[in-house]
Amino acid sequence: MQLLIVDDEPINRKGLARMAEQYPLPESHIHTAANGVQAMEIIRSQVPDVIFTDIRMPKMDGLELCKQLHEQFSHIPIVVISGYSDFEYAQKCMSYGVKHYLLKPVTKSDVIEVLDALMRSKARSFVSLTKYEEWIEEVEQAIWMLNLNEINQLTEQWKQYCLQSELNVVQLKELLEECINMLVKRMAKKSMILTVEKNETRPLTREDALELFETQLKQLTSDLMIKRSGNFKDPMKEAKGYIDSHLSQEITLEEVAEMVGLTPTYFSSLFKKMTNETFVQYRIKRRIELAQKLMAVPHMKMSDIAAEVGYEDYPHFTKMFKKMTGYSPSEYRSILGIK
């Protein structure tokens, strides 16, 4: 944690620094400044996590510092320190988003208490890594499939989830940028290089950041459509064609999913949704259908037919054939008039 202490009195700065050092935070670093001007220089270069500032200071007082922070670094929490005589003046900082005050003389327990409150608040400002990974995977597949309805639904779900978190505008902007960068990288692994127009303007609100994010997602989808130029192949048709042409082989769901550029989980779910059958059920059905056609060829041996449709174990083939048709292979051939 980066902490900045701003006070024109050296004794006060050192005292506050020693108190803050008692708070158990790993990798913490404390900076100090004698006035608002020095503080802004440090803030621009270090961007601290928390700022403690006195009110009465030369060159730039605490009120003006709070005003500039509100305009340029609104995500940084500020703790204002004032005496009883300055408290009414300090309360003006409320209009600049200040929520924490310490009255002089400040004690170690005061500092520990306010830091504890800030850390608890910060702990609530997070997004579940599992939730993030799940969303990235789902939206990646939806974009790859050019499923506009699903993209819109997933985008809205993610926006609502982000708004419910306590991420400030800077944290949210960084998260959403990471989402876009991750999607671009994943598309690149599919040999599809997509571009997204960067916007260097700092969003003023979380809604602004989410609006920009939604625009960038639409750009990704649009860019993918343009690059495919109407050559988009239906992954389900490709998958079924691949299965049908490899019935004699023990191909796996993972192998077919990779072939069509989808994750196994998404492919399995989509396959069931589009065909009303699981991958395994579809393959068995197609194997037995092919076996029925081959049985109409009089000179073909039953064991050869079983091998041709992927069953080296003839008893297993007999079992599956009867399960699917209601007849044993020999009974079925008798029906066809072949002995």
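Pro 105 is found in the loop between β5 (100–103) and α5 (108–123) of a predicted model. The peptide bond that leads into this proline, from Lys 104 to Pro 105, is cis, with omega near -5 degrees. Most peptide bonds are trans, and most residues other than glycine have a negative phi.

Two further loop residues stand out by their backbone angles. Lys 59 has a positive phi of about 65 degrees although this residue is not a glycine. Its place is the loop between β3 (50–54) and α3 (62–72). With a relative accessibility of 75%, Lys 59 counts as exposed, because that value is over 50%. Leu 146 is likewise not a glycine, yet has a positive phi, of about 55 degrees. This leucine belongs to the loop between α6 (129–144) and α7 (148–164). The relative accessible area of Leu 146 is 18%, and the residue is therefore buried, the limit being under 20%.

Leu 146 also appears among the neighbours of Thr 221. The latter residue lies in helix α9, which covers residues 206–228. When residues up to four places away in sequence are not counted, Thr 221 touches Ile 143, Leu 146, Leu 148 and Ile 151. Of these partners, Ile 143 falls within the range of α6 (129–144), while Leu 148 and Ile 151 fall within that of α7 (148–164). Thr 221 counts as buried, since its relative accessibility is 5%.

A contrasting setting is found in helix α10 (residues 235–244), where Lys 237 is located. Lys 237 has a relative accessible area of 63% and is therefore exposed. In sequence, Lys 237 and Val 260 are separated by 23 residues; in space, the distance between their C-alpha atoms is 9.7 Å.

The cysteines were examined next. The structure holds zero disulfides. Cys 179 is in no disulfide, and the nearest cysteine sulfur, belonging to Cys 162, is 6.7 Å away. A disulfide requires sulfur atoms within 2.5 Å, so this pair does not qualify. Cys 179 has a relative accessible area of 0% and is thus buried. Cys 66 is also buried, with a relative accessibility of 0%.

At the level of the whole chain, the secondary structure amounts to 16 helices and five strands. The chain is more spread out than a compact globule, because its radius of gyration is 33 Å, well over the 20 Å that the globule rule gives for 339 residues. Along the principal axes, the C-alpha trace spans about 110 × 40 × 25 Å. Among contacts in the chain with a separation of 6 or more, 68% are accounted for by residues 24 or more positions apart.

Buried residues make up 43% of the 339 residues. The accessible surface of the chain comes to about 18,800 Å², and carbon and sulfur atoms contribute 51% of that area. As for charge, the chain carries 43 positive and 48 negative side chains. The centres of these two sets lie 6 Å apart.

Technical notes:
Residues are numbered from 1 along each chain as its sequence is written. This is a predicted model: local features need pLDDT of at least 70, side-chain atom pairs count only at pLDDT 80 or more; totals for chains, interfaces and linings use all residues. Side-chain values use heavy atoms; hydrogens and water are left out. Helices (H or I, at least four residues) and strands (E, at least two) are DSSP runs, numbered from the N terminus. The radius of gyration is taken over C-alpha atoms; the globule rule is 2.2 Å times the number of residues to the power 0.38. Buried means under 20% relative accessible area, exposed over 50%, partly exposed in between (1.4 Å probe, protein chains only). Contact means heavy atoms within 4.5 Å. Accessible areas come from the Shrake-Rupley method with a 1.4 Å probe; for residues, only the protein chains shown count as cover. Lys and Arg count as positive and Asp and Glu as negative; His and the chain ends are not counted. The place of a charge is taken as NZ of Lys, CZ of Arg, CG of Asp or CD of Glu.
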